[in-house]
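Trainee: I am new to this structure. Please take one part and walk me through it closely, then link it to what lies around it.

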Amino acid sequence: MLVLGIESSCDETGVALYDTEQGLLAHQLHTQMAMHAEYGGVVPELASRDHIRRAIPLTEACLAEAGKQLADLDAVAYTQGPGLGGALLVGASIANALAFGLGIPVVGVHHLEGHLLSPLLAEPKPAFPFVALLVSGGHTQLMAVRGVGDYDVLGETLDDAAGEAFDKTAKLLGLDYPGGPTLSRLAESGDPARFSLPRPMLKSDDLDMSFSGLKTAVLTLVRHQEAEHGSIDPQTRNDICRAFQDAIVDVLVGKSLKALKQANMARLVVAGGVGANKQLRAALDALAAKGRFEVFYPPLALCTDNGAMIAYAGAMRLKYAQPAGGYSVKPRWDLG
Ligand code: KG4
Ligand code: ZN
């Protein structure tokens, strides 16, 4: 079964072709980051218009990359939500029009289910069941995943998502949008011993998290440094980045271990944009090396938003679960 996947929930247009026998055949992506950078964040109307411009050329590029034609498609999957309403409608419209024209099924995919299943696109893939740490710009959740469509939320952030905390902290340190990856790079040159920030809710009994206080703690630290020294020199900024990253990684790792224990599972899957974070991966890899659990990640290029995870989740939905079809979008939509 050959499935075309279209992702357009935010600021990335992703299109991909997944074949249930041969795996991922093609994957094309256009990121709108540069376009939104001058506004310091995603402008929804600009995002929708750009998805319209990009989606069809990217689909053509995918078909060419795979040596396929529209007539070869067996189904079309698209991100049905959650995300920006207008942006979602672009993918939904194109997917439904293509499927209607070709007389094939269309399947609406939950964006987070795409992230959640994306480590199954890597080798070796995790077997079910596993705990998934979903850490993106919009969501931070720990989930028990027992199979396709069988998800339970174990815990989640009560305020900012981890990626959002990275981006907001980067912004208050004067880094360009989207600052998460830049902050993480600068943290590599930071001194871990210079500043220490709180680990919010690390010791709480549940699996919930909270990151907005951490951002406020960075703001307090920045103000203090500015009052004392007039400005923040580059090394001090790197040291603050390091302290922030150490705190957030500690919380994510601590809660993941607690989730594995609580769910009595021995496999952890990390997905979503923050899953690209090197320090988070290194910390989890070091613990997994002790042998008590295994950790799995999507291929690095598929950590952030992409069409491949939507094509894959669509294919799995068609194979194992009731597909959610129809022409609709769900800007707000809970998984599990
Ligand atoms: O999954 P994603 O592409 O989009 C959402 O569905 O939100 O995640 C984007 C988020 C952004 O907040 C970005 O700053 C963060 O992932 N991110 C990172 C890194 N790469 C991307 N955060 C920390 N370290 C990174 N290396
Ligand atoms: Zn995402």
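Mentor: Start with one pair of residues. Arg267 stands opposite Glu294 in strand 10. This is a predicted model, so take each position as a prediction. Arg267 opens strand 9, which covers residues 267–271. Strand 9 and strand 10 pair in the parallel sense, over 3 bridges.

Now widen the view to the sheet. Its 5 strands follow the order 8-7-6-9-10. The sheet is open, and its pairing is mixed. Strand 8 (150–156) and strand 10 (294–296) are the edge strands. Each of these two pairs on one side only. On average, neighbouring strands are turned by 25 degrees against each other, direction ignored.

A helix packs on this sheet. Helix 8, residues 234–263, touches strand 6 (130–135), strand 7 (140–147), strand 8 and strand 9. Compare its direction with that of strand 6: the angle is about 155 degrees.

Next, turn to ligand 1. It is surrounded by 17 residues. The closest are Gly137, Gly163, Gly180, Gly273 and Thr304. By class, the shell holds 5 nonpolar, 10 polar and 2 charged residues. Helix 5 (162–172) supplies at least two residues of this shell, and so does helix 6 (180–187).

Those two helices also meet each other. What describes such a contact? Two packed helices are described by the angle between their axes and the distance between the axes. For helix 5 and helix 6, the angle is about 75 degrees and the axes are 8 Å apart. Angles of 65 to 115 degrees count as roughly perpendicular. Helix 5 and helix 6 are therefore roughly perpendicular to each other.

Look at who takes part. From helix 5 come Gly163, Phe166, Asp167, Thr169 and Ala170. From helix 6 come Gly180, Thr182 and Leu183. These contact residues divide into 3 nonpolar, 4 polar and 1 charged. Two names should be familiar. Gly163 and Gly180 are in this contact, and both are among the closest residues to ligand 1.

The loop between helix 5 and helix 6 holds Pro178. The peptide bond that joins Tyr177 and Pro178 is cis, with omega about -15 degrees. Pro124 gives another case: the bond from Glu123 to Pro124 is cis, with omega near -5 degrees. Pro124 sits in the loop between helix 4 and strand 6, and strand 6 belongs to the sheet we began with.

Past helix 6, stop at Met201. It lies in the loop between helix 6 and helix 7 (212–229). Its phi is near 60 degrees, a positive value in a residue other than glycine. Why pause at such spots? Because most residues other than glycine have a negative phi, and most peptide bonds are trans.

Finally, see what the record adds. UniProt, in an unreviewed entry, lists His111, His115 and Asp305 for "binding site". These three span 195 residues in sequence, yet no two of their C-alpha atoms are more than 8.7 Å apart, so they gather at one spot. His115 is found in helix 4, residues 111–117. The unreviewed entry in UniProt also places "domain: Gcp-like" at residues 24–312. Over that stretch the chain is 47% helix and 17% strand. The C-alpha atoms at its ends are 8 Å apart.

Definitions and conventions: Residues numbered from 1 in each chain as written. Chains lettered and ligands numbered in written order. Predicted model: local features only at pLDDT ≥ 70, side-chain atom pairs only at ≥ 80, totals over all residues. Pairing = 2+ DSSP bridges. Helix = DSSP H or I, 4+ residues; strand = E, 2+ residues; numbered from the N terminus. Axes fitted to C-alpha atoms, helices over the stretch in contact; angles between N-to-C directions. Contact = placed C-beta atoms within 7 Å. Near = placed C-beta within 6 Å. Nonpolar A, V, L, I, M, F, W, Y, C, P; charged D, E, K, R; others polar. Parallel < 35°, antiparallel > 145°, perpendicular 65-115°, else oblique. UniProt positions renumbered as here; feature names shortened; annotations may be inferred.
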